[in-house]
Amino acid sequence: SAQATERELLMLKVNAAASQRAEIVQVCDIFRAKIIDVSADSVNIEMTGNTNKVQAFLDLIVPYGIEEMARTGKLALKRG
């Protein structure tokens, strides 16, 4: 709302074969998400945003396969 700033934190472990890494990195760049860890077959991603942004990001990332996910829900601070 206009009275508060709202954000949500999302952390994911996503299946990421070498052939798909570039696509996943592109999606992360678009949503300003950070890749915080990389292994042979997966990447860990951190992103913050409002609920709509988080959902739009998930809609694009889910098809790659999510191994684990943690999500805070809305956090808010009153403006001013």
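Q: How many salt bridges does the structure hold?
A: First, a heads-up: this is a predicted model, where local features need pLDDT of at least 70 and side-chain atom pairs count only at pLDDT 80 or more, while totals for chains, interfaces and linings use all residues. Residues are numbered from 1 along each chain as its sequence is written, and side-chain values use heavy atoms, leaving out hydrogens and water. A salt bridge here is a side-chain nitrogen of Lys or Arg within 4 Å of a carboxyl oxygen of Asp or Glu. By that rule, the count of salt bridges is four.

Q: Which residue pairs with E8 in a salt bridge?
A: Side chains of opposite charge can pair when their charged atoms come close. For E8, the N to O distance to its partner is 2.3 Å. The two sit 63 residues apart, with E8 in strand β1 (residues 4-15) and the partner in strand β4 (residues 66-71); strands (E, at least two residues) and helices (H or I, at least four) are DSSP runs, numbered from the N terminus. The partner of E8 is R71.

Q: Is E8 buried or exposed?
A: Buried means under 20% relative accessible area, exposed means over 50%, and partly exposed is in between (1.4 Å probe, protein chains only). Its partner R71 has 32%, so R71 counts as partly exposed. E8 has a relative accessible area of just 4%, so E8 is buried.

Q: Which strands are tied together by K13 and E68?
A: The side chains of K13 and E68 meet in a salt bridge with an N to O distance of 3.5 Å. K13 is partly exposed at 24%, and E68 is partly exposed at 48%. The residues are 55 apart in sequence, so the pair ties together two parts of the chain, β1 and β4.

Q: How many residues apart are K34 and E46?
A: These two side chains form a salt bridge at 3.8 Å, N to O. K34 is in strand β2 (residues 34-38) and E46 is in strand β3 (residues 42-49), and their separation is twelve residues.

Q: Why are the buried residues of α1 on the same side?
A: Those residues are I24, V27 and C28. A22, Q26, D29 and I30, on the other side of α1, are exposed. Take the directions from the helix axis to the C-beta atoms: the buried residues share a side because they cover an arc of only 100°.

Q: What do the buried residues of α1 pack against?
A: Contact means heavy atoms within 4.5 Å. On that basis, the list has three strands and a helix: β1, β2, β3 and α2 (51-61).

Q: Which residues join V25 in a nonpolar surface patch?
A: V25 is in helix α1 (residues 21-30) and is partly exposed at 34%. Patches use residues with over 30% relative accessible area and no salt bridge, joining like charges within 9 Å and nonpolar side chains (Val, Leu, Ile, Met, Phe, Trp, Tyr) within 5 Å, and areas come from the Shrake-Rupley method with a 1.4 Å probe, where for residues only the protein chains shown count as cover. This patch is about 210 Å², and V25 shares it with I35 and V38.

Q: Leaving aside neighbours within four places in sequence, what is I66 in contact with?
A: I66 is found in strand β4 and is partly exposed at 31%. Beyond those neighbours, its contacts are L12, K13, L58 and I61.
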